[in-house]
Amino acid sequence: MTTEGARVFREAWIAGVRKHFPGEPKPGYVTPWEQTPDWEREAAGAVYEQVRQLLELSGGHASRLSREQKSRFVATSWTAQMFKHFEDPKPGYMADWPDLPDWQKETDSDIFEAVENSLE
């Protein structure tokens, strides 16, 4: 896992939150990379790698997934990381995709597309 990939993820998350979140986001949602906790950096890098591998193993054709499919993949990958990093994760960390707020669904789609763009 590369730090560069984790940063692509985090920067896409922050940009998505700023674009899609209604109102003023919680400070933790837009914490700069330098202040992001180690577990969160590691989780961001792992999800970046999962998206990268999906794109690679599909010969780039995963880019044809719908925005919803892209968002679901990122959300599920993130949930798996929460299980890895926390024995008993907060319920908000474990929400299934249909239960996520629209701003988060859109942000997760943006993250997938940021990973795609980073590979070009």
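**Note on aromatic pairs and the largest pocket**

1. Searching the whole structure gives 11 aromatic pairs (Phe, Tyr and Trp rings, the last by its six-membered ring, with centres within 6.5 Å; stacked if the planes are under 30 degrees apart, edge-to-face if over 60, tilted for the rest). One of them joins Phe86 and Tyr93, a tilted pair with 5.6 Å from centre to centre and 45° between the planes.

2. The model is predicted, so local features need pLDDT of at least 70 and side-chain atom pairs pLDDT 80 or more, while totals for chains, interfaces and linings use all residues. Numbering runs from 1 along each chain as its sequence is written, and side-chain values use heavy atoms, without hydrogens and water.

3. Phe86 has 25% relative accessibility and Tyr93 has 27%, so both count as partly exposed (between buried, under 20%, and exposed, over 50%; 1.4 Å probe, protein chains only). Both belong to one aromatic cluster with Phe9, Trp39 and Trp78.

4. Tyr93 and Trp78 also line the largest pocket; with Trp13, Tyr29 and Gln104 they lie nearest its centre, among 26 lining residues. A pocket is an open set of points on a 1 Å grid over the protein atoms alone, where a 1.4 Å probe fits, with protein on both sides within 12 Å along at least five of seven lines; lining residues have an atom within 4 Å of a point.

5. The lining comprises 16 nonpolar, 5 polar and 5 charged residues (Ala, Val, Leu, Ile, Met, Phe, Trp, Tyr, Cys and Pro are nonpolar; Asp, Glu, Lys and Arg charged; the others, Gly among them, polar).
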